[in-house]
Amino acid sequence: MARRVVVTASGYVLPLGSTPGEVLAALEQPHGPFERWAGDRHVSVCPVAGFDLRSYVGRCKNARYLTRGQQLCLAAAVRAVSEAGLGPQHLDRAGLFLGLGPNLQAAPREDKALWLLDCLPNTLAATLAETLGLHGENLTIMTACAASTQAVGQAYRAVASGLADVALAGGGDSRLSSEGVLAYRQAGVLATNFVRPEEACRPFDRDRSGFAIGEGAAVFVLESLEHAAGRGATILAEVAGASSSLDGGSLTGPDPAGTAAAWAVRRCMESLGTRDLCVLAHGTGTVLNDEAEATVLAGTVPKARAVCAFKSRMGHLASACGAAELAVGLVCAAAGRFPAIANLANPAWPDLPLLRAPMALRPGNLLLQSFGFGGQNACLGFKLQGVA
């Protein structure tokens, strides 16, 4: 019989902040902290201001082998462990499941003997194992924008099946580099029709034209309910379901019918139910993604209490977007208030319960959706009330 799995802590370093108070204060503003990209004034970005890895981990000899996104993830993981109150006795056999993106700046270098480490996807996992003493089940996942959502799902399965009592799961990413911006511009997915950078990303709006680039990281501590109760841990949520699917269509655009994505949502909802549900939508603000996701929402959860789109507040965090949006969603649920979708002036789907104004809400259930390049779909379901 599968064990019940709960979330007992979250650590995050986001454009909106790194504490619940900072995040909630940022969400009270009409827009997120967007700015124009210094290298291209036609690109809107949302950076993490003043990030310094040393303030989280002290001196880190391996930092030179980590991308900025991986450094953000390392900081988030350290914070998650601290928030959970985990000691060496809990971490020795703990699992580690990370959703990461590629290092677009990696290249052979004569001045860096181990430049190969820049290219390997597991370099951050090795660094975290050394830093925190993690030696259990582990997996690094690189399924585009679905990666960190799938990482949490794999951690859930590992704990539920008894492969680990404790697991860290999440992801980090940053595409705020000349290479990252160029790649997105050439893919045609960036917002273009904006006057002010904070108005660039318009999820589910008729005038949407693409997304703005964010960066950040979020990592969660997952435990079996028995293990969490045994050490008196605070429980933030119970993981009720995890699912994924693959469109098998375009290498970039989603399946317009959303068939495989809807299948993943329905499978995730089997253990969650639609009552008192808040949806954390992928909501990139691109023409194709929003259209496909709206089709999925209308066919699977039309009676949800609310649909949020946090990318309108902090940009698209690439492989880290799911974990980041979950972190913000849990903060909002605990506070009992969710922000409006920024820039949603003319909803393209007025029949959907899209949040057009701030809402006082303590949902019983959360559904997280992440849909990535290559048709990578991932969903997570969480119960927020009655966990005991």
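Among contacts between residues at least 6 apart in sequence, what share joins residues at least 24 apart? I looked that up first, and the share in this protein comes to 78%. Note to self: this is a predicted model.

**Overall build**

I counted up the secondary structure next. The protein has 12 helices and 14 strands.

Then I checked the dimensions. The C-alpha trace spans about 55 × 55 × 40 Å along its principal axes. For 388 residues, a compact globule would have a radius of gyration near 21 Å. I get 19 Å for the protein, so the value agrees with a compact globule.

**Inside and surface**

How much of the protein counts as buried? I find 60% of the 388 residues in that class. On the outside, the protein exposes about 15500 Å². Carbon and sulfur atoms supply 51% of that area.

I also went through the charges. There are 32 positive side chains and 32 negative ones. The centres of the two sets lie 3 Å apart.

**A look at N62**

Where does N62 sit? I found N62 in the loop between α2, which covers 54–57, and α3, which covers 68–84.

Buried or exposed, this loop residue N62? Its relative accessible area is 18%, and buried means under 20%, so N62 is buried.

Last, I pulled the contacts of N62. Leaving out residues up to four places away in sequence, N62 touches T127 and E130.

Key:
Residues are numbered from 1 along each chain as its sequence is written. This is a predicted model: local features need pLDDT of at least 70, side-chain atom pairs count only at pLDDT 80 or more; totals for chains, interfaces and linings use all residues. Side-chain values use heavy atoms; hydrogens and water are left out. Helices (H or I, at least four residues) and strands (E, at least two) are DSSP runs, numbered from the N terminus. Buried means under 20% relative accessible area, exposed over 50%, partly exposed in between (1.4 Å probe, protein chains only). Contact means heavy atoms within 4.5 Å. The radius of gyration is taken over C-alpha atoms; the globule rule is 2.2 Å times the number of residues to the power 0.38. Accessible areas come from the Shrake-Rupley method with a 1.4 Å probe; for residues, only the protein chains shown count as cover. Lys and Arg count as positive and Asp and Glu as negative; His and the chain ends are not counted. The place of a charge is taken as NZ of Lys, CZ of Arg, CG of Asp or CD of Glu.
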